[in-house]
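Me: I have a fold open on my screen. Could you walk me through reading its sheet, its pocket and its cavities?

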Amino acid sequence: MTTSQGPTEPQPPVSAAVRLAGVEKSFPVRDGTTTVALSGIDLDVAPREFVSLIGPSGCGKSTLLRIVGDLIQPSGGTVQVNGKPAHQARLDRDYGMVFQAPVLFDWRTVEANVRLPLEVMRFSRAERDRRVREMLDLVELGGFLSHYPHQLSGGMQQRVAIARALAFQPALLLMDEPFGALDEMTRERLNAEVLRIWAQTRTTVIFVTHSIPEAVFLSTRVVVMSARPGRITNVVDIDLPQPRTEQTRETERYFELVTEVRESLRGRITSSAARARAEGAIG
């Protein structure tokens, strides 16, 4: 026998899509010591933001992304995604992930690769068909449904991976250097496509990159991290207007922001507020 439920209380809006408080991560070493990868990470990412993580190699950017995605556990601190623990958010399928390698199944067509998470989540056939076509049209691969991964360029394979990650409409997209292995021209073109997709889906994005120009072009904020143990040393607000185009890369403000991120990485700027105070004193 079923019982009727009374009306549920309205839920307050989630103030942060991702909230990290005091996050630490250490790894054991064979000699019995530990390596501290991350220390004292505090960060809020608002819904529909595009936040890039940048820092020296080995600073823990990818580790931090995997902690948000509940692929590894923090040694300390708390992680919330959409107002719930990261583990629950993963169980609820609140996010998709895109890695540097597309991780496509060679024996499945483009359509079948994108369809896979929808099959696992037991969407109806009609809904699977609709979403697969919608996502492949979104990444401009609607004419490649029957192709296999080996028949596509590296950039096209990454677009398939993005379509697959977005197929079940996650609230959060985690991207770990997805364009790091591509040539510069392809990378810039895919940067523009990612911004177009982000504008249409309004999915919150956390993006790991080693490229300062890429971080500035894509982001609403760039989070600068120190060498290991990784700490957040600066958060640079990117006030470039949307939509961003190739002309954006030629503007004076773009070059100013690239310089600010670069100087932050060199340890010459520790925060935007400190920079503003210093400029005010000079002025």
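Reply: Start with pairing. Two strands count as paired if DSSP finds at least two bridges between them. Keep in mind that this is a predicted model.

Me: Which strands form the open sheet, and in what order?

Reply: Strands of a sheet pair through backbone hydrogen bonds, either parallel or antiparallel. Here 4 strands form an open sheet, and the order is β2-β1-β4-β5. The pairing is antiparallel. At the edges sit β2 (34–45) and β5 (84–85), each of which pairs on one side only.

Me: How many bridges join β1 and β2?

Reply: Strand β1 covers residues 18–28 and pairs with β2 over 8 bridges, in the antiparallel sense. For a single example, take arginine 19: its bridge partner in β2 is aspartate 44.

Me: Which helix packs on the sheet, and which strands does this helix touch?

Reply: Helix α1, residues 61–68, packs on the sheet. It touches β1, β2 and β4 (76–81). The direction of α1 makes about 120° with that of β1.

Me: Now zoom out. How many helices and strands does the chain have?

Reply: The secondary structure comes to 9 helices and 10 strands. The chain has 283 residues, and buried ones make up 47% of them. Then look at sequence separation. Of the contacts with a separation of 6 or more, 69% are between residues 24 or more positions apart.

Me: On to empty space. What is the volume of the largest pocket?

Reply: A pocket is an open set of grid points, whereas in a cavity a 1.4 Å probe fits but cannot get out. The largest pocket has a volume of about 570 Å³.

Me: Which residues lie nearest the centre of the largest pocket?

Reply: Tyr95, Gly96, Met97, Pro117 and Phe168 do, out of 22 lining residues. Next, ask which elements supply the lining. At least two residues each come from β6 (95–98), α3 (110–120) and α5 (154–166). The largest share is that of β6, with 4 residues.

Me: How does the lining of the largest pocket divide by class?

Reply: The lining of this pocket has 16 nonpolar residues, 2 polar and 4 charged.

Me: And the closed spaces: how many cavities of 30 Å³ or more does the search find?

Reply: The search of the whole structure finds 2. The largest cavity holds about 70 Å³ of space. The second largest holds about 40 Å³.

Me: What lines the largest cavity?

Reply: Read the lining by element, then by class. α5, β7 (172–176) and α6 (184–201) each supply at least two residues. α6 gives the most, 4 residues. Among the lining residues are Phe50, Ile162, Met175, Trp198 and Thr203. By class, 9 are nonpolar and 2 polar, with no charged residues.

Me: Which elements each supply at least two residues of the lining of the second largest cavity?

Reply: Those elements are β1, β2 and α1. You have met them already: α1 packs on the sheet and touches both β1 and β2. The largest share of the lining, 3 residues, comes from α1. The full lining is Val18, Leu20, Leu43, Val45, Leu53, Leu64, Leu65, Val68 and Ile206.

Me: How do those lining residues divide by class?

Reply: The lining of the second largest cavity has 9 nonpolar residues, no polar and no charged.

How values were computed:
Residues are numbered from 1 along each chain as its sequence is written. This is a predicted model: local features need pLDDT of at least 70, side-chain atom pairs count only at pLDDT 80 or more; totals for chains, interfaces and linings use all residues. Side-chain values use heavy atoms; hydrogens and water are left out. Contact means heavy atoms within 4.5 Å. Axes are lines fitted to C-alpha atoms, for helices over the stretch in contact, and angles run from 0 to 180 degrees between N-to-C directions. On a 1 Å grid over the protein atoms alone, a cavity is a set of points where a 1.4 Å probe fits but cannot get out, and a pocket is an open set with protein on both sides within 12 Å along at least five of seven lines; lining residues have an atom within 4 Å of a point. Grid points are joined across faces, edges and corners, and a volume is the space filled by probe spheres set on the points. Ala, Val, Leu, Ile, Met, Phe, Trp, Tyr, Cys and Pro count as nonpolar, Asp, Glu, Lys and Arg as charged, and the others, Gly among them, as polar. Buried means under 20% relative accessible area, exposed over 50%, partly exposed in between (1.4 Å probe, protein chains only).
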